[in-house]
Structures are given as C-alpha cells and as structure tokens.
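Thanks for asking me to look this one over. My notes are below as numbered points, so you can follow along with the sequence and the coordinates open.

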Amino acid sequence: MAAAASSLLIRVFGAALRKISTGLLSIHPNSMPLKYIGSLDRNLYSTNAFQIQMTHQIRGESLIRARKIWVSSPLCMGRRSCKIATRKGAQDAKKSKRNGKIGKEIVSAVKRGGPNRISNAVLAAVLEKAKELDVPKEIMERNIKRASEKGQEAYIEKFYEVYGFGGVCMVVEVLTDKVTRSVAVVRTVVKDCGGKMADPGSVMFKFRRARVVNIKVTDVDKDWLLTVALDAGVEDVIEPPAYEDDDPEDQSERYYKIVSPGENYSDLLSKLREEGIAFEPDNGFELLPLTTIEVDDEAIDLNKELMYKLLELDDVDAVYSDQK
C-alpha cells in the first residue's frame, strides 16, 4: 500500500513538473519579437530597456510601421544529445559543402557564358561571391577548367521535400548535373533512415528564402550587434538556444543569425566590416522555417542522423528543417 501511494505521488509530482516546464517554454519561445515605431535611441539597448520596450509594444493595442527583431532565446534543460559531438568535423564539413556549391556554380556559369570573367557577368558575380566567402583561389581556377572538360554538364538546382521524425519537415537543397542520380540517392538515404519523401509543395510552404549573416556569439557584444543590425535595416536577429550545461567550447560554436532583405544585404555586410565584426555570409540564401516545432530527444537524434546522412551525398548542398 505504502509503495503504491509513493509511486502515485511520484507520478503526480512528475506530471506537475512537466506542466510547469511546458508553461515556461510557452512563455519564453525560441525567439522573442521586439517591435518598435520610428527610430529608437541607442541608449535603449541595455538588457533592462529591451525588456521594458518589448513588454510595452507587445501589449500595445495599436502599432504603426512596426518591425520585429528577434532578440532572445530560452535556456534549454539538458538537451546534450542535440549538440554536434565533433564540432571541428562539422565546421570542416560545412566549409567543404560551401566550397563545393561554389564550384558547381562556377561550372554552370562557364558552361553558359564562357570562361572570360569580363564578358561573362554571371561568372564574375559567382567569383565575387566566392571571394567574399574566402573560397581558395585554386578551387575557383580548378572549376573554371573543369567546365571545359568533355562530358561535363551544367548543374541544375533542385529541392526535395522530406518528412522526418516527430512531425519535423526538411528541405534538401541539391545542385546536380544528373537529376535522376540525385533523386535516387536522396530517396535511398531517406528510406534507409526511416524518413519519408514528401510530395512537391507539401513542405516548402513552411519555409521562406532569406539572406542571412552568421556571427559567432563570442565574437561580438549582443547589445552592440543589435544596434548595428537596426542601423542596417535588418529583419530579424535570431539568437541560438542556450543549454544549462554549456561549457566555453559550446559557446564558441553558437551563432547569431541576422536576417536581411535582399536589397539591404550588401549594406549590412559593409556595415559589419566598418564596425570590425567578424561574420560568415550565406551562400546566396538560406531557407528559414516560418514556425519551429519541439520534439523529444529520440526524434532529435533520428533527425540529426538523417540530416548528416543526406549531407554526406555529393549532390546535396544543404538540408533545412523546422525542428526547434
């Protein structure tokens, strides 16, 4: 009897804790909107002032010409399993994918307009982007030469939509010279990992294409970054989630994600350079989820494995998901 009562008490206490935890997460979502009207004084950018400004605007009944900036994120409790175990390997893979995509774009540009960067405006633009991304010169030259080789076809951009685990949706970005090959290898990986290919259009509408700049959390003061971002006319500043067991190495691999309108992107990069803020530009665009969903640790691990397997494919340049 005593053991049964004790077991019941533990279950009730656990349910109460889960309810409280859910309530806290609903109050503090992954990013909090800051709305403002007109121009804001830079003195408002202290932490307390942000809280006051956000509360006032969120509860206001009428807003005109309001624009939102995402400035905060929750403290995630114990999600150690969602971290990348080998950070350096992940960063090297990211750089390799970026360089690979630039190489494909160079080949396509040369196939369409020739290897002369003066007369080929598309090639000139790709090479300028490669320079901005710090792509090694030998990679650029190698792919210009490769485009002239017999049998080398131009690359085609494709997107494949995938259902992951726990209700998570993914979009696989591909730049390929053989569409039949790319769809076959993507389908095989998805099936082997337990995912499911989605019909065209059933997932893509959950994402939006945006220009993005990534900045390491450890490379910049948060309040100063927000000031610079507002001056540059950005749309959002998304802060990465924090974890209760983060160590200094974890902090060094967290990034702010600055979302900018396409027409303001060059101005944003110039502004960041002027302020001496180190950054990583995007590779033309990123797909950002309109909303994110939270899943359990098991689904996180399964989705991570699926995304890693897809990224191992040569044709795949990026995988986007709406997982929180």
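**Notes on the model**

1. Let me begin with a proline. Pro240 has a relative accessible area of 12%, so it is buried, the cut-off being under 20%. Bear in mind, as you read on, that this is a predicted model. Pro240 sits in the loop that links strand E8 (236–238) to strand E9 (242–243). Its C-alpha lies 7.9 Å from that of Lys257, although 17 residues separate Pro240 and Lys257 in sequence.

2. Now for the overall picture. The protein has 324 residues, and 41% of them are buried. Its secondary structure comprises 10 helices and 13 strands. If you take the contacts between residues at least 6 apart in sequence, 77% of these join residues at least 24 apart.

3. Helix H6 deserves a closer look, and Ser182 is a good way in. Ser182 belongs to H6, which covers residues 179–193. Is Ser182 buried or exposed? With a relative accessibility of 1%, Ser182 is buried, because that value falls under the 20% cut-off. Its side chain forms a polar contact of 2.8 Å with the side chain of Tyr160. Leaving out residues up to four places away in sequence, Ser182 touches Val174, Thr176 and Asp315 as well as Tyr160.

4. Val179 is also in helix H6. Here the relative accessible area is 29%, so Val179 counts as partly exposed, a class that runs from 20% to 50%. Beyond its neighbours within four places in sequence, Val179 is in contact with Ile156, Lys158 and Tyr160. Tyr160 therefore appears in the contacts of both Ser182 and Val179. You could also check the pair Val179 and Tyr155, whose C-alpha atoms are 9.1 Å apart while the residues are 24 apart in sequence.

5. Next comes the packing of helices. Two packed helices are described by the angle between their axes and the distance between the axes. How do the axes of H6 and H10 cross? H10 covers residues 297–311, and its axis comes within 10 Å of the axis of H6, with a crossing angle of roughly 155°. Since angles over 145 degrees count as roughly antiparallel, H6 and H10 are therefore assigned to that class. The crossing of H6 past H10 is right-handed. On the H6 side, the contact is made by Val186, Val189, Val190 and Cys193, and on the H10 side by Leu306, Lys309 and Leu310. Sorted by type, the residues of this contact are 6 nonpolar and 1 charged, with no polar ones.

6. Helix H7 is worth a walk from end to end. At its start, a side-chain oxygen of Asp221 comes to within 3.2 Å of the backbone nitrogen of Asp223. Within H7, which spans residues 222–231, the buried residues are Leu225, Leu226, Thr227, Val228, Ala229 and Leu230. Just after H7, Gly233 adopts a positive phi of about 75°.

7. My last stop is Asn143, in helix H5 (residues 137–146). Which side of the burial cut-off does Asn143 fall on? Its relative accessible area is 6%, so Asn143 is buried, being under 20%. The side chain of Asn143 makes a polar contact of 3.1 Å with that of Arg146. Apart from residues up to four places away in sequence, Asn143 touches Gly103, Ile106 and Val107.

How values were computed: Residues are numbered from 1 along each chain as its sequence is written. This is a predicted model: local features need pLDDT of at least 70, side-chain atom pairs count only at pLDDT 80 or more; totals for chains, interfaces and linings use all residues. Side-chain values use heavy atoms; hydrogens and water are left out. Helices (H or I, at least four residues) and strands (E, at least two) are DSSP runs, numbered from the N terminus. Buried means under 20% relative accessible area, exposed over 50%, partly exposed in between (1.4 Å probe, protein chains only). A polar contact is a pair of N or O atoms within 3.5 Å; within protein, one must be able to donate a hydrogen and the other to accept it, and residues adjacent in sequence count only if both atoms are side-chain atoms. Contact means heavy atoms within 4.5 Å. Axes are lines fitted to C-alpha atoms, for helices over the stretch in contact, and angles run from 0 to 180 degrees between N-to-C directions. Angles under 35 degrees count as roughly parallel, over 145 as roughly antiparallel, 65 to 115 as roughly perpendicular and the rest as oblique. A crossing is left-handed if the near helix is turned anticlockwise from the far one by less than a right angle, and right-handed if clockwise. Ala, Val, Leu, Ile, Met, Phe, Trp, Tyr, Cys and Pro count as nonpolar, Asp, Glu, Lys and Arg as charged, and the others, Gly among them, as polar.
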